[in-house]
2 protein chains.
Amino acid sequence: MNSGINRQFRLKTRPIGDIKESNFEYREEPIPSPKDGEVLVRTIYLSLDPTNRIWMSDIPQYMAAVEIGQVMRGVVIGVVEESKNPNFQPRDLVSGMLGWQDYALAEGNSGSSITRLPHPLPAPLTAFTGPLGATGCTAYFGLLDIGQPKAGETVVVSAASGAVGSVVGQIAKIRGCRVVGITGSDEKCHWLLDELGFDAAINYKTADLETALAQSCPNGIDVYFDNVGGSILDAVLTRVNLHARIPLCGLISTYNATEPVPGPLNYSQILMKRVRVEGFIILDYLPRWSEAIGEIGQWLNEGKIKYALEIVEGLENAPSAILKLFDGNKKGKLVVKVSDEPT
Amino acid sequence: MNSGINRQFRLKTRPIGDIKESNFEYREEPIPSPKDGEVLVRTIYLSLDPTNRIWMSDIPQYMAAVEIGQVMRGVVIGVVEESKNPNFQPRDLVSGMLGWQDYALAEGNSGSSITRLPHPLPAPLTAFTGPLGATGCTAYFGLLDIGQPKAGETVVVSAASGAVGSVVGQIAKIRGCRVVGITGSDEKCHWLLDELGFDAAINYKTADLETALAQSCPNGIDVYFDNVGGSILDAVLTRVNLHARIPLCGLISTYNATEPVPGPLNYSQILMKRVRVEGFIILDYLPRWSEAIGEIGQWLNEGKIKYALEIVEGLENAPSAILKLFDGNKKGKLVVKVSDEPT
């Protein structure tokens, strides 16, 4: 990376069904130079997230799809290498949607904006890829603002061992709720129970979901933080309490579908139980991120929130690493380490 | 009815698909006598509503299903004939869920409660079967509390010429919204446009719904008051604006289905557009009914809200009349006149 080369992965073809490594094209370009108002950022960590799959498809979505030939979009934690912008100095740690590449321009007319991380850092830099980053803020606002859990209520979260779900469950515990996590392996169930303090965990691959939810949620379900949609949502709808809230954060079970996936068979329960289903995207909460980061940071320091990271070394492995998001074997936040943290 | 006989229709069998007259059993019983604390009410108007179909099925629902052999449940406007309850006097006009019969006991240990209508009446008694009754309150709270329309926004309502939908659209107009109604005939479209002041009306039986919505809603859809579910909801979801609200009032398109009906194919738009879908049942708003009735009553007197009634004469016709709710030929509120109003 000191070779003057900027390695990139660009979107070559849109996936049909599962992502394939061949959907990306490797390119080498010269490291760009910032113009007036611009900043050159070196990528340290590249975040891989289920929502990346949405961006790769040319479907109606919450922001523009990545165009064929564009650098693949991705959230990056990086360091300013060169600045022609008075608001940023070399060595500033920043985050932004800078893409799958070693270097990116930001600010000015670059089309990308960046946010400076706090100095000194209140936690390891990697925490900003997870609980202090977009996934932590997603958990925080989705659960608290939209789910509005009250102490004593039962909160169920799917993809519970993922970067968002694991934080959702722990915040719900802090708020005094009974917390039930749904995940895809016994090993991950043990992690939720033994390390993160969940009250119950369900392996949806081996359990009869309706039976397991009935056993785990003797008082019904008040909040269901939905990361997956599909059949898990259907099972949850059989157990929701009156006026339950369903923050709709993701529909990962449907992202790789090649045909339209209908809504839940038990959709009518939304009427019968007067349920509120509300979609949200963390970008809408940008003005309030400091609120989330402040409180989550405190919980991290108090040991009330734990997190797992799966760090893949090397930008060259991003196209294969992203497949881990969908194979059910990942725990916590998936990150590609692209270059070293500043010493 | 002065014969001392209480004519009744009881639920004989649960409908499979469409309601059939044979689902009801005609019975004649003696007129009951009130015990201490009870009131004898003579039925004047029997309200027929789509939600009656839900009560006839043994599915999970918002209140207990009607049991086989029970008098069919229905909302009644009646007059007190005899009272052993100090809160009610003979000739009081009341409403309550008193069922498909000439006479019913209420209050005390009867298992039924009644509400006295205001005296003097601020509007014709029939208005209390519609805009000043459950359907008017449903429109009021569903639109204003859950839909939260703002002036200038676009409100779409399905089953727009029905008892609820027609009031929803008129309240939305009062609040300064652009209002688009979806209904099932050109004649009903004309009524919405020419009599009720809707901005646009779509005949879903002849129009291409997505195209028609695109034309009628050039600024997208901010509130969709859903009475029907199904394919209309799917079409609406292709046009919703960011942070749209969908008060889920009914799913009439699915009530007669013999197989589970999945949720909308475009369910993912709830996430992408950060939509709020919220089911509600008017019973939850009972403590606030006077608020709705006060404001709707004023609008009625000012001529800002109009309503249509379809009055079927004679309790004996209730089992055939209820079919009109589902054949798409009804306009406004469907009511059975069981006996004469007091003079």
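Student: What is the handedness of the crossing of H5(B) and H6(B)?

Tutor: The crossing of H5(B) and H6(B) is right-handed. A crossing gets that name if the near helix is turned clockwise from the far one by less than a right angle. The model is a predicted one.

Student: Why is H5(B) called oblique to H6(B)?

Tutor: Helix H5, residues 209-216 of chain B, packs against helix H6, residues 230-237 of chain B, at an angle of about 45 degrees, and their axes are 9 Å apart. Angles under 35 degrees count as roughly parallel and 65 to 115 as roughly perpendicular. About 45 degrees belongs to neither class, so H5(B) is oblique to H6(B).

Student: Which residues make the contact of H5(B) and H6(B)?

Tutor: H5(B) contributes Leu209(B), Glu210(B) and Leu213(B), while H6(B) contributes Ser231(B), Ile232(B), Ala235(B) and Val236(B). By class they divide into 5 nonpolar, 1 polar and 1 charged. Glu counts as charged, so Glu210(B) is the charged residue of this contact.

Student: Why are H2(A) and H3(A) called oblique to each other?

Tutor: The axes of helix H2 (residues 134-147) and helix H3 (residues 163-174) of chain A come within 8 Å and cross at roughly 45 degrees. That angle is not under 35 degrees and not in the range 65 to 115, so H2(A) and H3(A) are oblique to each other. H2(A) passes H3(A) in a right-handed crossing.

Student: Which residues of H2(A) and H3(A) meet, and how many of the residues in the contact are charged?

Tutor: On the H2(A) side they are Thr135(A), Gly136(A), Thr138(A), Ala139(A), Tyr140(A), Leu143(A) and Leu144(A); on the H3(A) side, Ala163(A), Val164(A), Val167(A), Val168(A), Ile171(A) and Ala172(A). The contact has 10 nonpolar, 3 polar and no charged residues. Gly counts as polar and Tyr as nonpolar, so Gly136(A) falls in the polar class and Tyr140(A) in the nonpolar one.

Student: What makes H2(B) and H3(B) oblique?

Tutor: In chain B, helix H2 (residues 134-147) and helix H3 (residues 163-174) pack at about 45 degrees with axes 8 Å apart. The value lies outside both the parallel and the perpendicular range, so H2(B) and H3(B) are oblique to each other. Their crossing is right-handed, and their contact has 10 nonpolar, 3 polar and no charged residues.

Student: Why do E10(A) and E10(B) stand at the edges of their sheet?

Tutor: The sheet is open, with 12 strands in the order E10(A)-E9(A)-E8(A)-E11(A)-E12(A)-E13(A)-E13(B)-E12(B)-E11(B)-E8(B)-E9(B)-E10(B). Strand E10 (200-203) of chain A and strand E10 (200-203) of chain B each have a single partner strand, so one side of each is left without a neighbour in the sheet. Neighbouring strands are turned by 15 degrees against each other on average, direction ignored.

Student: How do you know that E9(B) and E10(B) pair?

Tutor: Pairing requires at least two bridges. Strand E9 (residues 178-183) of chain B is joined to E10(B) by 4 bridges, so the two strands pair, and they run parallel. One of the bridges sets Gly181(B) against Ala201(B) in E10(B).

Student: What makes the peptide bond from His119(A) to Pro120(A) cis?

Tutor: Its omega is near 0 degrees. Pro120(A) is in the loop between strand E7 (114-116) and H2 of chain A. In chain B, the bond from His119(B) to Pro120(B) is cis too, with omega near 0 degrees, and Pro120(B) lies in the loop between strand E7 (114-116) and H2 of that chain.

Student: Why is the phi of Arg274(A) worth a remark?

Tutor: Most residues other than glycine have a negative phi. The phi of Arg274(A) is near 50 degrees, a positive value in a residue other than glycine. Arg274(A) sits in the loop between helix H7 (268-272) and strand E13 (276-279) of chain A.

Notes: Residues numbered from 1 in each chain as written. Chains lettered and ligands numbered in written order. Predicted model: local features only at pLDDT ≥ 70, side-chain atom pairs only at ≥ 80, totals over all residues. Heavy atoms only, no water. Axes fitted to C-alpha atoms, helices over the stretch in contact; angles between N-to-C directions. Parallel < 35°, antiparallel > 145°, perpendicular 65-115°, else oblique. Contact = heavy atoms within 4.5 Å.
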